[in-house]
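User: I am a first-year student learning to read protein models. Please take a close look at a single helix and explain how its length, its buried residues and its charged partners fit into the rest of the chain.

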Amino acid sequence: MSYDLVIVANRLPVDRVELADGTKGWRTSPGGLVTAIEPVMRANHGVWIGWPGGTDPELEPFESDGMELAPMSMSAQDIEEFYEGFSNGTLWPLYHDLVAKPEFHREWWDSYVRVNERFAEKAASLAAEGATVWVHDYQLQLVPQMLRTLRPDLRIGFYLHIPFPPAELFQQLPWRRQILEGLLGADLVGFQLPGAAQNFVRLVRQRVGHKTHRDLVYLPDGRTVRAAPFPISIDAAGFEEMARSDAVRFRSAEIREALGRPRKVFLGVDRLDYTKGIYARLRAFAELMGEGHIDVEDAVFIQVAVPSREQVEQYRILRDEIERLIGRINGDHGRIGRPAVHYLHSSYPREEMAAMYRAADVMVVTPYRDGMNLVAKEYVACRYEDDGALVLSEFAGAADELRQAWLVNPYDINGMKSALLEAYQADDKEVTRRMKAMRKQVTQHDVKAWAASFMTELSDVGGGHAKDVRAPGGE
Ligand code: GDG
């Protein structure tokens, strides 16, 4: 079987799970990427290559919900060295401004090369003559070049979902040149923000020595590579529709009732990750309570911390720290039947997330660094009555578009306290003015537009010999 469009991402949109009767089956893991990619996949008879989780041996491609999926296997060693090691122990902290200390291990790198090679080989075996291959994210930065060597006929796009760091940080990486050359295998390298694309081009000039002009890199073999920003978004209409549904409206009222009908509800929703700034935001909220600015009878904070990378030591330590802090906050400020912070360490169906967004008066999104942050956009999409305040870190990509949020520096606890208090006390008119402007931005720039603009750009820059791929039709 061969395909005109091949998506290559670390994870498949489904998880391999054990069913109740003991047999193995598939469970869809709906995420931002699936919604983003699905329309392009359907318009182009595409296949999605990725890891379904677990250590099962490689399975044949299969169809799920109208999409062709090709599972990649991962050994326990791959998971430890490629996934938890180089991807999440080296690149993740390095690309997020050293929020944690990246570790450099040569065995991790070797494993990263091996796994990238396997992904590239798989893509080469499934792509039709002249097909388009779209590679995603930091786990697979070597795939574009490996794939180009195997299949020079392909049109290759790469998209980085996380930030791309400034040269000063990137050059710590012992394998910096290999990564840059890996990415240069693509015809189009997409980033969230213009600054990231500029960092990349500057590094290519300095470290690889290629000629560059603005967003173009000129390679000695005559190829040009374009580096450009494509800020990702969400299915805004889909979120709004869900938020408007009777089920979600009912559930959101039920949530407020269960919380004891507080005047204001603060909400944080994050993967439990040290880049997300959960600890500092809760401290800021607790100090406001301690100083008497916010009373536990008036306001509560719901913090959803979605389990993430639980095998990695740093993530286990972070979880303990956050849970200790919440215990202390509730001990200091809670009353019987009224904890100050409602803490949920779990993941939820999308409808439940929408109900929480609907129930929250102040959404608090304060990462130290974030490629985009879809949670902020989802909150905005769900606030169809133009109410609700968003407190947003300046260091989230989303801050470039959501200028009317209460923007904060997450390293500045006093600044965060002031912003939380302002958002909490703001009058309805002010809240509505800000939310209206943000809603306009999010509804006009949704994920369909994102995928379409990447695809259109890729057909423009990609080698003249490759076949054209259709952007998903109809807005
Ligand atoms: C990376 C970049 C960039 C969360 N909990 C549940 C759940 N979610 C969904 C959210 C949202 C997504 O997961 C999280 O996306 P974020 O953008 O907030 O953050 P990362 O996971 O770090 O994503 C980021 C993104 O890639 C896309 O390019 O924006 O900067 O770090 O959609 O709603 N969904 C469900 N249950 C949950 O419990 N169903």
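Analyst: The following account concerns helix H7 and its surroundings.

The model is predicted, so local features are described only at pLDDT of at least 70 and side-chain atom pairs only at pLDDT 80 or more, while totals for chains, interfaces and linings use all residues. Residues are numbered from 1 along each chain as its sequence is written, and side-chain values use heavy atoms, with hydrogens and water left out.

Helices (H or I, at least four residues) and strands (E, at least two) are DSSP runs, numbered from the N terminus. Helix H7 covers residues 194-208, which is 15 residues. The expected span of a helix is 1.5 Å times one less than its number of residues. For H7 this gives 21 Å, and the end C-alpha atoms are indeed 21 Å apart, so the two values agree. After the helix comes Gly209, with a positive phi near 80°.

A residue is called buried under 20% relative accessible area, exposed over 50%, and partly exposed in between (1.4 Å probe, protein chains only). The buried residues of H7 are Ala196, Ala197, Asn199, Phe200, Val201, Leu203, Val204 and Val208. They pack against helix H5 (167-170) and helix H6 (176-183), and also against strands S9 (188-191), S10 (211-213), S11 (216-218) and S12 (224-229). Contact here means heavy atoms within 4.5 Å.

Charged side chains add a further link. A salt bridge is a side-chain nitrogen of Lys or Arg within 4 Å of a carboxyl oxygen of Asp or Glu. Arg202 forms one with Glu168, and the closest N and O atoms are 3.4 Å apart. Because Arg202 lies in helix H7 and Glu168 in helix H5, the pair ties together parts that are 34 residues apart in sequence. Arg202 is partly exposed, with a relative accessible area of 32%, and Glu168 is also partly exposed, at 48%.

Strand S12, against which H7 packs, has a salt bridge of its own: the side chains of Arg226 and Glu457 meet at 2.2 Å, N to O. This pair links distant parts of the chain, since Glu457 is in helix H16 (residues 447-461) and Arg226 in strand S12, 231 residues apart. Arg226 is buried, with a relative accessible area of 18%, whereas Glu457 counts as partly exposed at 21%.

In the whole structure there are 42 salt bridges.
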